[in-house]
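The exercises that follow are meant to be worked with the sequence and the model open side by side. Try each task before reading its solution.

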Amino acid sequence: MTEQNLAQIEKTYELIDTNWSQLWDSAATDEEKRQLQSARDGARDTFWRAIATSLKDNHSLVGDTRAALADANEELTGLIEEMESFAKTIKTITKAVTLAAALVTLGGI
Amino acid sequence: MLLLKHRTIAPAVAGFILLLLSACSTTQLGEVGKLAKAGQANSATLATYYSTSATKLPAVLEIEVLRSTLQPGINRPSPEMIEAIEKFQVSLRHRAQLSSDLATLYDALFELSTTDYAGGFQAASKDFYGSIGSFAEAIGQSSPITAAQTQLLDSLAGKLITEAQKRRAEKANRIVLTQLELLQPLLARDRAAVTAFRRQAARLVEEGGIALWSAGLVSAKPLLSRYGGVTGLEMVSNEASFTSANPKLTATVPALISFRMGQIQHAEDRQYAALEGLVDDLIRRHREIAEGAPVDIAALLEKAAELRALRAEFEAAVKP
């Protein structure tokens with residue numbers, strides 16, 4: 001279970017980072033770029049925090065959060081492939097990063 | 001509370017003590033020595049692997065700094081990222097220390113089974129317990145063994161000095177087996193983190209290389225020479241002017257970087273896969289000796305040879 005938590009957190013970070021140039025170019029305004037930057041920092045720091053933390057799976061909330069993060073990652077994969085709407089993409093990125101951070105916090109309890 | 005925390009470990013220790021009391025007489029003294037020799041070589045390889053991995057971590061931060069300069073929108077490492085990486089580096093160093101202490105323990109086991117001297121085993125065994133506890137703490141887990149249990153096992157190890165050599169080797173074999181069984185779940189728990197770290201560290205090196213290439217700061221000469229060299233050709237001296245004048249070639253270099261990094265990663269994956277099963281292998285052989293079953297020492301020696309070959313394969317892959 002711990003391995004699955006980490007796998008989803010890693011996926012969020014990798015999706016954002018490996019597609020960074022494409023995502024950056026699709027952000028049109030300074031505000032969009034700021035949101036994107038903040039999301040990348042969040043995904044990166046969450047991943048390294050997850051590596052350094054011994055994640056546990058002590059309650060059902062962890063499983064629910066992991067499942068929600070897996071859904072968000074899947075949605076994000078599709079959105080990055082299409083890259084049609086930045087607004088939709090950044091919304092899903094923010095959701096995924098928030099869930100990843102919550103998973104590390106919940107898994108650390 | 002303390003008993004509850006260690007409830008899964010207590011039966012293992014109790015079982016071990018029962019086994020000690022009924023130590024079988026079929027153990028082959030020579031087999032313990034051979035296992036100790038193979039265990040020493042394999043643990044030393046493991047120690048090298050983890051200490052090398054720990055030294056790679058600062059590179060992750062350096063690459064992030066580099067990318068923040070070369071790629072738009074990328075920020076320098078945050079204090080949180082630096083803190084997490086330092087924490088993980090500490091846990092990798094503990095793994096290296098643990099493996100090194102295991103190698104010392106096997107040295108002492110070898111000495112105990114081949115000479116009359118048993119004094120080194122007690123000290124090495126105590127150090128190894130200490131390392132297990134420190135490693136558990138570094139990965140945020142409670143120690144799998146209580147202070148009272150450590151004291152009991154230490155006292156048993158101390159009493160080995162007065163035992164006859166054959167019986168001494170049998171008991172020492174069981175003490176090492178118990179220690180490895182306590183360590184096994186801790187290693188399994190931390191495995192996902194080590195695997196994810198290796199994967200991302202390799203990916204970041206690739207990203208850093210591509211960022212340097214895209215910024216025009218590096219030459220593709222060594223990379224292209226690898227292909228030319230195999231066919232006996234030599235790179236022209238003004239390769240850079242040809243590469244920059246050929247947009248298709250310029251665009252191909254990142255793919256070549258990715259391909260090369262993929263090969264390196266594959267070689268490292270093979271090496272790590274062989275290494276991560278080492279403790280499981282050792283446990284199996286110690287159990288065989290404890291049960292008086294025939295021991296496949298040859299398989300362990302083959303494992304040591306395989307590890308050397310995989311290390312050589314990895315070094316060849318990373319060679320410029």
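Helices, as the word is used here, are DSSP runs of H or I with at least four residues, numbered from the N terminus. The model is a predicted one, and every value below is computed from it.

**Exercise 1. Describe the overall build of chain B.**

Begin with the secondary structure: chain B comes to 12 helices and zero strands, and reading from the N terminus on, its elements run α-α-α-α-α-α-α-α-α-α-α-α. Next, consider the extent of the chain, whose C-alpha atoms fill a box of roughly 80 × 50 × 25 Å along the principal axes. Then turn to the contacts with a separation of 6 or more, of which 81% in chain B join residues 24 or more positions apart. Finally, look at the surface: 48% of the 320 residues of chain B count as buried, while the chain exposes about 15,000 Å², with carbon and sulfur atoms supplying 60% of that area.

**Exercise 2. Locate Asp190(B) and decide whether it is buried or exposed.**

The first step is to place the residue, and Asp190(B) lies in helix α7 of chain B. The second step applies the cut-off: because the relative accessible area of Asp190(B) is 7%, and buried means under 20%, Asp190(B) counts as buried. The third step lists its surroundings; leaving out residues up to four places away in sequence, Asp190(B) touches Arg95(B), Phe135(B) and Ile139(B).

**Exercise 3. Check the length of helix α6 of chain B and find its buried residues.**

Helix α6(B) covers residues 147-159, which is 13 residues. From its first C-alpha to its last it reaches 18 Å, close to the 18 Å expected at 1.5 Å a residue. For the second part, the buried residues of α6(B) are Gln149(B), Leu153(B), Asp154(B), Ala157(B) and Gly158(B). When reading such a list, recall that an α-helix has 3.6 residues a turn, so residues three or four places apart point the same way.

**Exercise 4. Characterise the largest pocket and say which elements line it.**

Start with the volume of the largest pocket, which is about 690 Å³. Its lining is made by 31 residues, and those nearest the centre are Val205(B), Ile257(B), Arg260(B), Met261(B) and Ile264(B). Two or more lining residues come from each of α3 (29-70), α7 (165-214), α8 (221-230), α10 (247-276) and α12 (297-318) of chain B; the largest share, 10 residues, is given by α7(B). As a last step, sort the lining by character, which yields 21 nonpolar, four polar and six charged residues.

**Exercise 5. Compare the settings of Val218(B), Asp71(A) and Met83(A).**

Take Val218(B) to begin with: it is found in the loop between α7 and α8 of chain B, and its relative accessible area of 37% makes it partly exposed. Apart from neighbours within four places in sequence, Val218(B) is in contact with Leu212(B) and Trp213(B), whereas Phe259(B), 41 residues away in sequence, is 18 Å from it, C-alpha to C-alpha.

Asp71(A), by contrast, lies in helix α4 (residues 60-82) of chain A, and it counts as exposed because its relative accessibility is 51%.

Met83(A) lies in the loop between α4 and α5 (86-107) of chain A. Its relative accessible area is 18%, so Met83(A) is buried. The backbone deserves a look as well, since Met83(A) has a positive phi of about 45° although it is not a glycine.

Definitions and conventions
Residues numbered from 1 in each chain as written. Chains lettered and ligands numbered in written order. Predicted model: local features only at pLDDT ≥ 70, side-chain atom pairs only at ≥ 80, totals over all residues. Heavy atoms only, no water. Expected span 1.5 Å × (residues − 1). Buried < 20%, exposed > 50% of the residue type's maximum accessible area, 1.4 Å probe, protein only. 1 Å grid on protein atoms, 1.4 Å probe; cavity = no way out; pocket = protein on both sides within 12 Å on 5 of 7 lines; lining within 4 Å. Points joined across faces, edges and corners; volume = space filled by probe spheres on them. Nonpolar A, V, L, I, M, F, W, Y, C, P; charged D, E, K, R; others polar. Contact = heavy atoms within 4.5 Å. Areas by Shrake-Rupley, 256 points an atom, 1.4 Å probe, with all protein chains shown as cover.
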